[in-house]
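Got the model open in your viewer? Let's walk through it one selection at a time.

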Amino acid sequence: MAVQRTGLALLVLSFQTLGIIYSDIGTSPLYVLNGIWSAAGPVPPKEDVIGGISAIVWSLTIIPLLKYAREGGTFALFQGLYPPVGFESAPTYDSMLADRRLVQCKRLLMIVQSLFGTSLTMADGVLTAAVSVTSAVGGIAVAVPSVSSDVIPISIAFLVVLFIAQPFGTNRLSFAFAPITFVWILLLACTGIYNITTYPGIFRAFDPSRAVAFFIRTKNYDYLAGILLAVTGCEALFANLGQFNALSIQISFAGFVYPSLVLAYLGQGSRLISDGPNIISNVFYTSIPGAQNGPLFWIMYVFAILATHTLHLNARVSISDLRSLRMRHTSDTIEGQVYIPAANWILMIGTIIMVAAFQNSLQLSNAYGFAVSTVMFTTTALVSLQVVFVKQRPIILAILLFLFFGFFDGLFWGASLRKVPMGAWVPLTIGCVLLLLMVFWNWAKGLEETFDSRSRRQLSDIIVGRTEEEETPEDDMEDARTLFCLASDGDEKGADEGRRELGRVPLLAVFHRMAHEKGVPHSYISFIRQWPALPTFAIFLTVHVLPVAHVTLEERYVVKKLYSFPGFYGATYYLGYREEFAVEIDELVKRIDAVEAQVDPAHARNIIPQLHDLARSHTHVVPYYEILAKEGGAGKIRAVVNYIRKLLIEDIYRRLRIMFPDTVNWIASPDRIIRIGITARL
């Protein structure tokens with residue numbers, strides 16, 4: 001759901017984006033030119049520098065300026081093609097979903113592609129923090145060479161501080177660090193303007209033919225992998241739409257960040273041409289105007305370190321692959337601003353391992369970029385599909401868009417692919433492992449939800465009254481009706497065998513429906529078949545989390561009476577994304593009072609006191625699945641398949657479900673929760 005802002009609020013949101021989005025692409029000038037021309041190598045010729053800077057300028061123009069800040073991350077794009085269900089009936093949300101779905105047979109391919117992009121973005125986040133921080137901290141060796149051996153320990157210590165700050169949330173961090181990032185990017189622009197005066201001829205870099213001539217002349221395709229470093233972080237402009245909105249990102253990038261970065265690279269190129277031998281060792285820090293140990297140097301050094309603060313997991317976690325992780329929303333106005341403790345600490349550990357293993361920013365930059373280029377190509381493909389299936393534009397427009405941006409994405413991807421043996425295999429491996437985990441979880445969770453859906457029944461299929469021959473005068477009274485539970489779905493409703501009489505237990509029970517499906521939840525079916533008794537009042541509760549921070553108390557619960565059975569109700573609990581899961585029984589009871597008073601005021605006066613009395617000792621009933629793998633078929637191949645399925649479902653998925661239950665974010669007393677055991681063969 002897009003964040004809507006106008007006027008001053010939009011400008012404030014645009015300013016906030018500086019504190020979150022640009023920690024990667026905004027700190028790229030720290031290492032890009034040394035990623036193209038090694039500090040240990042010769043000084044490049046003047047025309048090569050102009051050509052390289054031209055390639056950087058036009059890469060910034062084509063990739064982040066023209067392409068990004070449009071639609072959202074890879075999984076958000078996938079959900080645009082296959083929108084999730086569940087919000088259409090919400091009283092506080094007008095669904096905008098249209099009939100925009102692709103053929104379902106293509107869904108598996110699309111979800112794997114989207115999850116791979118998401119996995120690589122997460123993997124790249126490990127290297128993003130490592131490269132940015134080590135490059136920023138490494139500047140101290142320029143001013144104080146004696147501490148060059150301490151750069152890695154200092155970087156690790158600083159990373160720990162950065163990740164400890166993440167629980168404060170996007171909203172607070174953006175307000176705290178937006179001024180810092182603003183000053184940092186302004187310093188880049190100012191030093192760039194000053195450096196340009198040393199060689200104004202660098203403006204020839206705006207001619208794109210200089211970039212083309214650079215690659216033709218050098219015949220070195222690997223230079224493109226270094227130029228790719230200038231646009232790493234551009235995927236954050238895409239992925240952070242859940243935390244901001246497209247217009248705020250466009251304003252901050254096009255109006256401030258983009259021109260400042262261009263000036264910074266032009267300035268560095270000018271200094272490299274005019275004073276190459278003294279600059280090549282560390283282009284960024286040695287090109288700072290003034291003395292290498294002067295005031296401006298240390299100001300730039302401090303702001304460079306502070307600008308690397310927001311290296312966290314930029315993802316909207318509204319997908320089933322991560323929904324069982326404990327998360328905390330940090331904003332009342334923007335749904336996508338979340339903090340996930342497990343993801344934060346795993347990312348911190350991975351980043352520290354990367355810094356310790358690669359030892360310096362040059363080796364880290366060799367491993368960097370492959371994940372970004374792959375995500376770039378993935379988003380181009382998904383955006384092209386959205387042009388046709390979501391935006392309803394002509395297919396020729398989608399083809400042209402894919403050919404144009406896909407051409408440049410393909411060039412960068414090919415260059416970064418050559419870096420796999422030099423370290424790019426690390427994010428590729430991490431991404432593949434994450435992909436396998438998410439695909440596996442998605443597959444197994446889909447089997448469980450399919451089982452839950454198929455196991456649902458209508459109340460009339462499992463509970464019946466007396467036949468006409470068996471009816472007594474007392475059965476005419478609604479509260480006195482004798483009800484029976486059918487032992488199995490295939491029993492005849494009038495048969496004496498295969499049914500058990502149901503008594504009434506003085507209890508108010510809330511049966512939770514874990515999936516958004518119609519029918520009685522499996523937990524209720526198992527409940528009455530194991531204990532042949534009906535609670536006096538039964539509420540079948542469905543929960544919907546809406547894309548708003550808070551839902552008013554008046555709109556939170558919707559209750560309907562099930563007329564076939566006295567004391568039975570269907571209820572929907574609408575929850576804001578910042579609200580804790582805590583079912584307010586008193587509010588549910590008020591809704592039931594209103595429903596009963598409207599349907600039958602005379603009868604309501606009799607049951608309402610009993611309802612209020614039982615509500616004081618209510619019980620929540622949730623299913624607990626004993627997950628087993630379904631076996632089938634014969635033969636050696638089938639035996640192997642059955643063994644693998646059993647290993648995945650029983651030994652891995654079942655254990656993970658215990659570790660990460662659907663109720664992980666519930667706030668309820670364990671004394672009020674009954675878990676009904678259900679054997680689920682998947």
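**Stop 1: helix α3 against α19.** Select helix α3, residues 46-67, together with helix α19, residues 395-417. The two are oblique to each other, because an angle between 115 and 145 degrees falls outside the perpendicular and antiparallel ranges, and theirs is about 125 degrees. Keep in mind that you are looking at a predicted model. The axes of α3 and α19 lie 11 Å apart, and α3 goes past α19 in a left-handed crossing. To see the contact itself, show side chains for S59, I62, I63, L66 and K67 on α3, then F404, F405, F408, D409 and F412 on α19. Colour them by class and you should get 7 nonpolar, 1 polar and 2 charged residues.

**Stop 2: D409.** Stay on α19 and click D409, which sits in that helix. Is D409 buried or exposed? D409 counts as buried because its relative accessibility is 0%, and the cut-off for buried is under 20%. Now show what D409 touches beyond residues up to four places away in sequence: I63, K67, M376, F377 and T380. Two of these names, I63 and K67, belong to the α3 side of the contact you just coloured.

**Stop 3: the other partner of α3.** Keep α3 on screen and add α9, residues 208-218. Here too the packing angle is about 125 degrees, with the axes 7 Å apart. That makes α3 and α9 oblique to each other, and their crossing is left-handed. On α3, pick E47, D48, I50, G51, G52, S54, A55 and W58; on α9, pick P208, R210, A211, F214, F215, R217 and T218. By class, this contact has 7 nonpolar, 4 polar and 4 charged residues.

**Stop 4: just past α9.** Next, select K219, in the loop between α9 and α10 (223-228). K219 is exposed, with a relative accessible area of 71%. Check its backbone as well: phi of K219 is near 50 degrees, a positive value in a residue that isn't glycine.

**Stop 5: the nonpolar core.** Time to go inside. Which residues have the most contacts inside the largest nonpolar core? They are I56, W184 and Y285, in a core of 97 residues. Helix α12 (residues 246-274) gives the most to this core, with 11 residues. Zoom in on I56: leaving out neighbours within four places in sequence, I56 is in contact with V32, L33, I36, I227, A230 and Y265. Another core, of 32 residues, lies apart from the largest one; F440, L502, Y524 and A538 are among its members. In soluble globular proteins, nonpolar side chains tend to be buried together.

**Stop 6: V160.** Select helix α7, residues 151-165, and find V160 in it. V160 is partly exposed, at 28% relative accessible area. Add I349: the C-alpha atoms of V160 and I349 are 9.0 Å apart, although 189 residues separate the two in sequence. Beyond neighbours within four places in sequence, V160 is in contact with M348 and I352.

**Last stop: zoom out.** Show the whole protein chain, with its 26 helices and 10 strands. Of its 682 residues, 53% are buried. Among contacts with a separation of 6 or more, 81% come from residues 24 or more positions apart.

How values were computed. Residues are numbered from 1 along each chain as its sequence is written. This is a predicted model: local features need pLDDT of at least 70, side-chain atom pairs count only at pLDDT 80 or more; totals for chains, interfaces and linings use all residues. Side-chain values use heavy atoms; hydrogens and water are left out. Helices (H or I, at least four residues) and strands (E, at least two) are DSSP runs, numbered from the N terminus. Buried means under 20% relative accessible area, exposed over 50%, partly exposed in between (1.4 Å probe, protein chains only). Contact means heavy atoms within 4.5 Å. Axes are lines fitted to C-alpha atoms, for helices over the stretch in contact, and angles run from 0 to 180 degrees between N-to-C directions. A crossing is left-handed if the near helix is turned anticlockwise from the far one by less than a right angle, and right-handed if clockwise. Ala, Val, Leu, Ile, Met, Phe, Trp, Tyr, Cys and Pro count as nonpolar, Asp, Glu, Lys and Arg as charged, and the others, Gly among them, as polar. A nonpolar core is a set of buried Ala, Val, Leu, Ile, Met, Phe, Trp, Tyr and Cys residues joined through side-chain atoms within 4.5 Å. Angles under 35 degrees count as roughly parallel, over 145 as roughly antiparallel, 65 to 115 as roughly perpendicular and the rest as oblique.
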